[in-house]
Amino acid sequence: MARPPHESFDLDHLRRRVARGLMRLLFGTPAQNSGEPLPRKGIHRILVCHVSHTLGNALLLTPLIQELEATYPGAEIDIVTRSQVGRELYGRYDRVSQVFQLPAHGFGHPRQWLCGLRGMRKSHYDLAIDVDPQSQTGRLLLLKARATWTLGFSGPKKSGSVTHAVEVPEQVQSKGQRPVYLLRQALGAVAEADYPVPDIRLDEAERARGRRVLQHVLASATAAEQHRKTIGVFANATGPKLLGTDWWNPLLQTLEQLRPDCRLVEIVPMSGRSMLDSRYPGYYSTDLRQLGGVLANLDGYLSLDCGIMHLACASRVPTLGIFTTTRADEWGPYGPGNHVIHAYGLAPEAVARELAAHL
């Protein structure tokens, strides 16, 4: 199996090292593994501490919410997050009560940060969970919460005591599965059972609206084209993941030759500009749930590793994630109908053949 290029030392790595050092000074050595399982009864108020502000990370928290609802069906779940779309993503879960949205960059908005922290501290929780195996901010939020039981990962990258600590698993790399593994290990449950798949809980009205919108987007299609599968393509990405039309053009041309039974629709990025020279019908929306409703009505979706890839997966459309730089075992879509394309070093035409085999 191909692997991504070696990830070099960067500023974020340095920032985390400094944060770990400060946490050690304030709170001592990393937490030790707990000898007692987390109780299954008596937990009615739960706080989840989630500090990443990216769309992908926010969506990859939803498997843990599903696991908590299944484990503690009568409990209320509050979430403190730096995601600015947390309420849109988590608000349809029955047991989610409050979402405390901290600013994405706290140092620039200290008043908003303190307001969110104050709201979190108004309640006493039976269980507080720090889901990140590296972030010191998540552990700091957990330590500031008023909770009877506290759960988080242990290891050299984490400081601050918790009542239930779990070692970071080498065998589970997925960002969506690790928080679920954390809870299962603390409960003494079977960690290898099927993991919940990301889900934003679209309702039938949202799906029906998406179906109508997609029909309008494809209104000019001929009668023959209406019987073809509709595949969404999102050609945008951030940083080194972004690839230009000189990569996408041969890929899509090859894919169309190999799969004439499919028609392509471009999902236009937030910039409002087509990444594919407007060669295909396009759909644009700044509303994530409306975008999810349209994605849910596609027959398939393909893109590079990005937040919209995770949104497609969470909208329950068969998702093909193309990985050229980032680690597929960490960020790849999983679950029925979803596939990872290991495209490290592959030519666009070779990637197209992989995609054609899975569509």
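Q: Is Glu-76 buried, partly exposed or exposed in this structure?
A: In this predicted model, Glu-76 has a relative accessible area of 34%. Buried would require a value under 20% and exposed a value over 50%. Glu-76 therefore belongs to the class in between, which is partly exposed.

Q: Which residue meets the side chain of Glu-76 in a salt bridge?
A: In general, side chains of opposite charge can pair when their charged atoms come close. For Glu-76, the N to O distance in its salt bridge is 4.0 Å, and the partner is Arg-45.

Q: How many residues apart in sequence are the parts that Arg-45 and Glu-76 tie together?
A: Let's follow that salt bridge between Arg-45 and Glu-76. Arg-45 lies in strand β1 (residues 45-50), while Glu-76 lies in strand β2 (residues 76-81). The pair therefore ties together parts of the chain whose separation in sequence is 31 residues.

Q: How many salt bridges does the structure hold?
A: The pair of Arg-45 and Glu-76 is one example of a salt bridge. Another joins Lys-158 to Asp-130. For the structure, the count of salt bridges is 15.

Q: How far apart are the closest N and O atoms of Lys-158 and Asp-130?
A: A salt bridge needs a nitrogen within 4 Å of a carboxyl oxygen. Lys-158 and Asp-130 form such a bridge, with their closest N and O atoms separated by 2.7 Å.

Q: Where does Lys-158 lie, given that its salt bridge with Asp-130 links distant parts of the chain?
A: Start with the salt bridge between Lys-158 and Asp-130. Asp-130 sits in strand β4 (residues 124-130), and the two residues are 28 residues apart. Lys-158 is in the loop between β5 (146-154) and β6 (164-167).

Q: Is Lys-158 buried or exposed?
A: Buried means a relative accessible area under 20%. Its salt-bridge partner Asp-130 has 0% relative accessibility, so Asp-130 falls below that limit. Lys-158 also stands at 0%, so it counts as buried.

Q: Which residue in β5 does Asp-130 stand opposite?
A: The strands β4 and β5 run parallel and are joined by 6 bridges. Asp-130 is in β4, and the residue it stands opposite in β5 is Gly-152.

Q: Through which helix does the chain cross from β4 to β5?
A: β4 and β5 are parallel neighbours joined by 6 bridges. The β-α-β crossover between these strands is right-handed, and its helix, residues 136-144, is α6.

Q: What is the bridge partner of Ser-154 in β6?
A: β5 pairs with β6 in the parallel sense, over 4 bridges. For Ser-154, the partner in β6 is Glu-167.

Q: Which residues do salt bridges with shared partners join into one network?
A: A good place to begin is Asp-199, which is buried with a relative accessible area of 11%. Asp-199 forms a salt bridge with Arg-201, the closest N and O atoms being 4.0 Å apart. Salt bridges that share partners make one network of Glu-69, Asp-199, Arg-201 and Arg-316.

Q: What is the phi of Arg-201?
A: Most residues other than glycine have a negative phi. Arg-201, in the loop between α7 (178-187) and α8 (204-217), is partly exposed at 27% relative accessibility. Its phi is positive, near 55°.

Q: What is the phi of Arg-316?
A: Arg-316 is found in the loop between α11 (307-314) and β11 (319-323). With a relative accessible area of 44%, Arg-316 is partly exposed. Although Arg-316 is not a glycine, its phi is positive, at about 70°.

Technical notes
Residues numbered from 1 in each chain as written. Predicted model: local features only at pLDDT ≥ 70, side-chain atom pairs only at ≥ 80, totals over all residues. Heavy atoms only, no water. Buried < 20%, exposed > 50% of the residue type's maximum accessible area, 1.4 Å probe, protein only. Pairing = 2+ DSSP bridges. Right-handed = clockwise from strand over helix to strand, strands pointing away.
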